[in-house]
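Please open the structure in your viewer and have the selection tool ready. We will go from stop to stop, choosing residues and looking at what is there.

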Amino acid sequence: MPRRDKPLSAPAFLDELHRYRRGSVTRRHFLGVTGLGMATAVLGAAMPWLKPRPAFAAGEIGDRVALATWPNYHDPANFDAFTAATGAAVQVNVFGSNEEMLAKLQAGGTGWDAFVPTNYTISTYQKLGIIEPLDLAMLPNFDAAANEARFMNEGKVAGAFYAVPKDWGTTGYIVNTEKVKTPMTTWKQFWDMTRADLSGRVTVHDYPLTTIGNALKYYGYSFNSIDPKELAQAEQLLLEAKPHLFAITSDYQPAMRNGDAWMGVCWTGDATQLHRDLPEMQYVIGHEGGEIWSDFYAVPKQAANRKGGYALINFLLDPAVNAKEVQAHGYPTTDERVEKLLPESILKNPILYPAQDLLTPLEFGAAASLTDPNRAEIMARFKAA
């Protein structure tokens with residue numbers, strides 16, 4: 001656990017609190033860096049009745065379940081509730097791209113018991129033997145009939161479920177309208193402004209699919225293109241933009257919140273969270289198109305605590321728990337049972353539920369883009385430039 005010799009300043013403490021509440025850091029990191037871990041330990045030793053009592057026999061699913069997931073993607077209170085119910089703490093491992101996740105799973109020894117892949121990757125994981133067909137008897141909270149087919153079907157391969165849907169969203173960009181006065185509506189504007197008026201104030205994902213895909217949209221090409229000539233144009237644009245970027249990161253909320261960045265490639269939930277706290281943050285889906293996606297829960301074949309992985313997924317799929325997740329992370333659910341529990345303010349939020357004319361040109365990621373060597377090389381050259 002991290003230790004601090006000096007107490008955090010109030011702004012630094014609040015920043016760490018925001019990061020913990022968004023899921024960017026683990027509970028262990030938060031307690032350690034703020035010094036609250038020691039206080040908790042002392043109170044627990046002095047007053048043992050304050051410690052949570054597991055609902056199941058100690059050791060039934062072990063004392064830890066490891067989840068690999070995306071930044072700002074869960075309600076930490078739900079993890080605490082899972083621990084109170086089972087006695088197993090949730091260890092959160094945050095990653096920024098599906099390519100990173102694939103590489104770690106192929107290398108082995110991740111220690112993950114459950115993870116959150118995106119729709120276009122699941123068939124590849126299945127072909128590589130990385131994930132197992134799910135035992136749906138261990139997921140009684142999953143109801144296929146309650147989930148919208150277009151967001152669920154890529155979790156099935158050859159008729160078997162290898163993953164169950166978590167939520168869905170879009171990939172656009174966030175703009176601080178107090179700093180950026182030009183009305184923004186397109187990807188062409190995004191890249192042109194990056195290389196001009198907003199130089200040094202823009203972030204892009206550390207993620208080949210979205211960074212390359214949205215560069216392709218500048219020219220009107222498919223988000224999923226693997227055409228060498230089209231990719232060469234996208235690479236040239238990225239290399240021209242690189243000196244003007246503030247950062248290449250998939251955890252961009254801190255830079256947007258503290259004013260270092262004024263615009264950045266952004267997912268639905270991050271836009272919801274930023275706009276909720278800072279109304280000047282506006283979400284843009286480029287009129288040229290871009291990405292629509294769905295994320296899933298899956299269990300790796302190498303899971304050390306397979307039963308714990310299933311238990312955590314099943315817990316998070318409980319409609320009441322899932323509704324809390326949606327209200328915390330700001331991504332729309334795929335489950336109609338959950339929608340019935342959500343307030344109108346969420347169901348009518350245009351960030352979560354964009355107008356149909358904005359959704360129509362969007363594309364789901366394609367499996368070929370995950371393993372295309374040209375795309376991987378372009379991203380490597382872009383980051384190294």
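This tour visits enclosed spaces first and then a helix.

Keep in mind that you are looking at a predicted model. How many cavities of 30 Å³ or more does the structure hold? There are 3 of them, and we will stop at two.

**Stop one: the largest cavity**

Select W70, P71, Y73, N98, T118 and T171, then add Y207, W267, E291, W293, D295 and Y331. Together these residues line the largest cavity, and the space they surround comes to about 110 Å³. By class, the lining has 7 nonpolar, 3 polar and 2 charged residues. Now colour strand β11, residues 290–297. With 3 residues, β11 gives the most to this lining.

**Stop two: the second largest cavity**

Next, select N141, F142, D143, N147, P165 and K166, along with L317, N322, T333, T334, D335 and R337. They line the second largest cavity, which has a volume of about 50 Å³. What is the make-up of this lining? It divides into 3 nonpolar, 5 polar and 4 charged residues.

**Stop three: helix α9**

Finally, select residues 208–218 to bring up helix α9. Is α9 mostly covered or mostly uncovered? It is mostly covered, with 11 of its 11 residues buried. Click along the helix and you will pass buried residues including P208, L209, I212 and L216, and also T210, N214 and K217, which are buried too. After α9, look for G220, where phi is positive, near 85°.

Terms used:
Residues are numbered from 1 along each chain as its sequence is written. This is a predicted model: local features need pLDDT of at least 70, side-chain atom pairs count only at pLDDT 80 or more; totals for chains, interfaces and linings use all residues. Side-chain values use heavy atoms; hydrogens and water are left out. On a 1 Å grid over the protein atoms alone, a cavity is a set of points where a 1.4 Å probe fits but cannot get out, and a pocket is an open set with protein on both sides within 12 Å along at least five of seven lines; lining residues have an atom within 4 Å of a point. Grid points are joined across faces, edges and corners, and a volume is the space filled by probe spheres set on the points. Helices (H or I, at least four residues) and strands (E, at least two) are DSSP runs, numbered from the N terminus. Ala, Val, Leu, Ile, Met, Phe, Trp, Tyr, Cys and Pro count as nonpolar, Asp, Glu, Lys and Arg as charged, and the others, Gly among them, as polar. Buried means under 20% relative accessible area, exposed over 50%, partly exposed in between (1.4 Å probe, protein chains only).
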